[in-house]
Amino acid sequence: MASMNQNTPNGRMRSRIAVLVIMLCGVCFAAVAVRLFYMQVVRNQFYITKARQYQTKDSIVAPSRGTIYDRNMNKLAESAATERISVNPNQAYTKARQDRTGLNETQQREKVARMLAETLGLNYETVLQQVSDTTKQSKDIKSRVDQDTCNTIREWIEENESSYGITFVPDTRRYYINGAFASQVLGMVDGDGVGTYGVEAAYNAELSGKPGRLVRAENAQNGEMPFDYDQYIDAEDGNSIVLTIDENIQSILENHLETALADNPYARDGVEGVVMDPNTGEVYAMASMPDYDANEPYTLTGIYYEAEKKAIEGLMEKYQPEVPFEINDEYYIYGRKAGLVYVPNEDMELPDQTEPVYDEKGKVIGRRQRTLIEAIRKCRSDELIRMWTNHTISSAQEPGSTFKLMTVSSALESGSIATTTPFYCTGERTVTGETIHCWKRTGHGAEDTMQAVMNSCNPAMIEIGFKTGANTFYEYMKAYGLFEKTGIDLIGESAGVFYSGGLDEFKSSDTNLPVATFGQRFNVTTIQMATMISAIVNGGELVTPYIVKEVLNPDGSVKEETKPVIKRQVISEQTSAFMREALYQTVYNGTATNAYVAGYNVGGKTATSEIPRQKDDLEDRYNAGIVAVAPIEDPQMLVYIVVKDIPKSYDHGGGKVAAPIAARVVADAMPYLGIEPNYSSEESARAEHAVPNLVGMTEAEAERELAALGMEYRVRGRVESETVTDQIPAAGTRLQGKSRIILYMGGEQSGEEVIVPNLTGLTPAECRDTLQARGLYLKRMGIPNKNTSAGTRPLRQYPESGTSVPEGTVITVEFINTTNIGDQ
């Protein structure tokens, strides 16, 4: 019966269907098997990679940026270990956490967002948006978070028994040890840790290192899986940099530039200076003032803040004069905080200002009208760039009379003049109908080559230029490197500005050569001038200035060492020796007398250069400059100082304004370099001697002891003892020669303090007498004693007048000559 059923039509149909089903299943299983074979064998690696992409979180581990040291291995910039805080939005809320805490999804996200915003100082709404973005596996909340703050977050996680998706990734933060110290040299890093200015930018590739990676496996619920895929690739730390900068000399330069800025508040472009070894090109110190704190690089300082404020107020006055507007110290264009400053109609288009329009590749494809807020932002960005700029290498200006050293040295080297060539100055020289004056309008009369330098005589320089000729003059400017960058290892160096048409344009006007002989109608940078004069005094070799001494591997071994580079021989040792003597005589007997430092043979040349007026200027404005070299017989240090953009109605000459600054730098730096003062017989009155301990000596013994040091004495009060019982000043006090010591022959000094008098306007002799009458002592600084004249006056005194000090205190007074120091 069963057999018969199988042969029926229905039975045969079921059999066929069964066979077909089996065959179909076989085909399906075969297809699956083939597909599995293809995926697991043929494309195994491809699908493993895909799985890891979806199942793993890959984080960048920042390397530690290399340290920047001064030449004595003092740290100037370093990176500290920090962490980057991230959140996985898919773990900021979990159902299991809701069951445990009773907090729904919104409450959980708000909780973690509030904690992160408060702990990290961020905007709550922004953080909440980040932790709610479930389309992302990870959202970076904040980078470079210090360890204490990270530990606070870890404690919160422990207290709440859940990470809420918060992760910590190793990171670093850049710290500038001394804040604003050498800020334009060091530069800074941007938010991504990339160097943007100074050494940080120039040596970014060395300092940066190589990032590492942290890879973690996550499941479908974004929880951590067993560590099959966990991988940590160490970051490779960056190399370190050793500068030629000397921390002590940099401090000396910066301190005196800050004083100069305070003394010259109307110097619209601040002050700048360079100290370098003229023989090797090593830069010991370099600064522009005002500077900035590289740890807070977006805070404008000094003249930059004032310029921004003036520019923005000008915009508001021009475009919205009816709207009251005031800028306060909390005004930030970058990350502008709502409510601090309200700019009405900030989106209004300005009819006379445009902005470039860029395509996706950064190419300019057109322009559009700039809005008011964009114009305001530009005011700030312009001043930030100006503040960050190292002006000693980037800003060019007319050099003025320091350039006369090039004029004379090239004329001597080319044989156009001799050291004995005579000149005669009447106070002016007419060239093709144009009268060019000497700073001394009555004229210098007869003078030779050295006296022409000492007197800073324009007519003599013009004559020297004519004797040299435009072709030779131009070739020596080229040989001294004035048409090119010096090659200093910093970014942003300018090559200066000369005649774009070259020699032909230079020769196109009869007055171009004459005015060029005293440094006008072309612009050069401070580093170009310092490099040129280094060649003039070092024997004639043009060296390349440099700022980096060594590059160190992460283990401290030396990877690369910078060696001095001599580009070419410009002048002979014989010409150089004459120029050194001329510089010395200019300080000791000429117009740079205010750069004199007793005990050191300083050579120098000052400059006063007129600069172009701005449209709102009511009077002419000037730069005051000085180059000083010491010791001139064996130059070890060159100092170049410029005080920039001073109005004519204020002291603006290089001899009066800049020379004393250079003298202070030399006086402080030379002993640090181990070069002790050597006083000539003419300088014996400036030599300092330690006051001996006279207590217990008889008067006769004390007299002999003091006489041996060139000092005098007087007895104060009644003589009640055969020996000295007290003295003023105390033993060990250093006094200059012929000082008068007060002795007590019985009894002691009262210990009362005296008020330092105001010495302004007094002669050196009057200062000494005024101080002695109060039991105080004079330490004389500044011009040579022999150059004292009716125009010699105190420039400054330490301690300042009105200060209460013990009797016997030494008051340092810096004297300058206010006459016969012209150089324009």
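## Sheet and packed helices

Two strands count as paired if DSSP finds at least two bridges between them; strands (E, at least two residues) and helices (H or I, at least four residues) are DSSP runs numbered from the N terminus. In this predicted model, an open sheet of 5 strands follows the order β12-β11-β27-β26-β25 with antiparallel pairing. Its edge strands, each pairing on one side only, are β12 (283-289) and β25 (603-611). Neighbouring strands are turned by 10° against each other on average, direction ignored; axes are lines fitted to C-alpha atoms, for helices over the stretch in contact, and angles run from 0 to 180 degrees between N-to-C directions.

Within the sheet, β11 (residues 271-276) and β27 (residues 637-647) pair in the antiparallel sense over 6 bridges, and Val275 stands opposite Val639 in β27. Helix α23 (residues 654-672) packs on the sheet and touches β11, β25, β26 (621-630) and β27, where contact means heavy atoms within 4.5 Å. The direction of α23 makes about 30° with that of β26. Helix α11 (residues 247-263) lies across β11, β12 and β27, running at about 25° to β12.

## Internal cavities

A cavity is a set of points on a 1 Å grid over the protein atoms alone where a 1.4 Å probe fits but cannot get out, and lining residues have an atom within 4 Å of a point. Grid points are joined across faces, edges and corners, and a volume is the space filled by probe spheres set on the points. The structure holds 3 cavities of 30 Å³ or more.

The largest cavity has a volume of about 90 Å³. It is lined by 14 residues, of which Gln397, Glu398, Pro399, Tyr640 and Val642 are the closest to its centre. At least two lining residues come from each of α21 (526-537), β25, β26 and β27. The second largest cavity encloses about 60 Å³ of space; its lining includes Tyr480, Gln528, Thr531, Val543 and Lys567. Two or more of its lining residues come from each of α21 and β21 (541-543).

## Confidence and conventions

The chain averages a pLDDT (the predictor's confidence in each residue, from 0 to 100) of 89, and 91% of the residues score at least 70. Over residues 328-341 the pLDDT is below 50, and this stretch has 28 contacts in the model beyond near neighbours in sequence.

Residues are numbered from 1 along each chain as its sequence is written, and side-chain values use heavy atoms, with hydrogens and water left out. Local features need pLDDT of at least 70 and side-chain atom pairs count only at pLDDT 80 or more, whereas totals for chains, interfaces and linings use all residues.

Definitions and conventions
On a 1 Å grid over the protein atoms alone, a cavity is a set of points where a 1.4 Å probe fits but cannot get out, and a pocket is an open set with protein on both sides within 12 Å along at least five of seven lines; lining residues have an atom within 4 Å of a point.
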